[in-house]
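Biologist: Before I take any label in this model at its word, I would like to see the value behind it and the cut-off it was set against. Could we go through them one after another?

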Amino acid sequence: MNRLRQALHEPKLQLFVSLPSNDLALAQAAIEEGADGLKVHINVDHRASGNSFGPLSEYAETFGQIRSLLNGPLGIVPGGSLDAISPQEIEQLIALGIDFFSIYAWHMPTFLLHYPQLAPTFAIDHTFDARLLEAAKAFPIQALEASVIPSEQYGTPLNFADLLRYRWLVQTAGLPVIVPSQRKLVPGDVPALKDSGVRALLLGAVVIGKSADEIRRAIHDFRNAIDS
């Protein structure tokens with residue numbers, strides 16, 4: 001079974017980390033503090049972290065090293081546009097042990113659906129027509145990333161309206177829902193997020209910062225909140 005599918009069917013809420021840069025030391029910090037899975041990036045300008053990521057050739061060795069340290073799922077954003085994603089790089093990702101890709105639905109070329117070794121997930125934003133989600137059941141999609149907070153609200157506290165939206169997506173999509181940390185999530189939010197039915201938190205720069213020390217502190221606290 002693919003590592004992502006296995007993780008999302010665990011009874012416990014999963015703790016994933018979106019690395020602010022493709023850096024082995026940051027990955028190691030997250031893993032040592034208890035991250036269940038990691039996500040890396042190529043071919044994209046990342047809005048939350050302010051970083052730009054180049055082609056796979058710049059990071060292949062690092063990804064291989066991260067894979068050797070991580071037992072859980074390793075995912076990737078393979079590009080920030082349709083044109084940025086190439087079949088050649090996707091083949092290399094599989095050889096490196098990448099388990100899944102995560103990408104906005106409108107950035108996903110159709111050929112990405114035809115790699116059974118690479119679990120497909122997709123993201124939606126607040127403008128997406130959620131009536132289309134039920135149609136995803138016809139495709140081999142493994143999870144939905146609920147990136148539904150408007151960018152001008154990044155870094156603000158989680159509220160009950162957000163929980164209602166996440167719960168509605170869980171019920172409507174019929175897919176495991178991953179919540180990225182567009183809000184300034186805190187460990188005290190964990191019980192309510194569990195109650196909403198989401199299967200994984202994906203903590204990124206808004207919550208974990210950009211240094212190894214910041215990542216260690218944040219992951220340690222969220223790990224404790226989930227385990228308790």
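Biologist: Why is V148 called buried?

Modeller: The relative accessible area of V148 is 4%, and the label buried is given to anything under 20%, with exposed meaning over 50% and partly exposed the range in between (1.4 Å probe, protein chains only), so V148 counts as buried. Please keep in mind that this is a predicted model, in which local features need pLDDT of at least 70 and side-chain atom pairs count only at pLDDT 80 or more, while totals for chains, interfaces and linings use all residues. Residues are numbered from 1 along each chain as its sequence is written, and side-chain values use heavy atoms, with hydrogens and water left out.

Biologist: Where does V148 lie, and which residues is it in contact with, leaving aside its neighbours within four places in sequence?

Modeller: V148 is found in the loop that runs between β8 (143-146) and α5 (160-173), where helices (H or I, at least four residues) and strands (E, at least two) are DSSP runs numbered from the N terminus. Contact means heavy atoms within 4.5 Å, and by that rule, with neighbours within four places left out, V148 is in contact with I124, D125, H126, R165, Y166, L169 and Q182. Although V148 and Q182 are 34 residues apart along the chain, their C-alpha atoms are separated by 8.4 Å.

Biologist: What makes P180 count as buried, and what does it touch beyond residues up to four places away in sequence?

Modeller: P180, in strand β9 (residues 177-180), has a relative accessibility of 9% and therefore counts as buried. Not counting residues up to four places away, P180 touches E145, A146, S147 and L202. The C-alpha atoms of P180 and A123 are 9.8 Å apart in space, with their positions 57 residues apart in sequence.

Biologist: How do you know that R216 is partly exposed?

Modeller: R216 has a relative accessibility of 27%, and so it counts as partly exposed. The residue sits in helix α8 (residues 212-227), and, neighbours within four places aside, R216 is in contact with A29, E32 and E33. R216 and E32 are 184 residues apart along the chain, yet 8.1 Å separates their C-alpha atoms.

Biologist: How many aromatic pairs are there, and why is the pair of Y104 and W106 called stacked?

Modeller: The count comes to 3 aromatic pairs, given that rings of Phe, Tyr and Trp (its six-membered ring) pair if their centres lie within 6.5 Å, and that planes under 30 degrees apart count as stacked, over 60 as edge-to-face and the rest as tilted. One of them joins Y59 and F63, with 5.8 Å from centre to centre and 25° between the planes, and is stacked. For Y104 and W106 the ring centres are 4.9 Å apart and the planes stand at 20°, so this pair is stacked. Y104 and W106 also belong to one aromatic cluster with F128.

Biologist: Are the residues of these two pairs buried or partly exposed?

Modeller: Y59, at a relative accessible area of 12%, is buried, and F63, at 1%, is buried. Y104 counts as partly exposed at 22%, and W106 counts as partly exposed at 36%.

Biologist: What makes the phi of N43 worth a remark?

Modeller: Most residues other than glycine have a negative phi. N43 is not a glycine, and its phi is positive, at about 55°. N43 lies in the loop between β2 and β3 (44-45), and with a relative accessible area of 18% it is buried.

Biologist: What is the secondary structure of the protein, and how do you know that it is as compact as a globular protein of its length?

Modeller: The protein has 8 helices and 10 strands. Its radius of gyration is 16 Å, close to the 17 Å that the globule rule gives for 228 residues, so the protein is as compact as a globular protein of that length; the radius is taken over C-alpha atoms, and the rule is 2.2 Å times the number of residues to the power 0.38. Of the 228 residues, 54% count as buried, and of the contacts between residues at least 6 apart in sequence, 62% join residues at least 24 apart.
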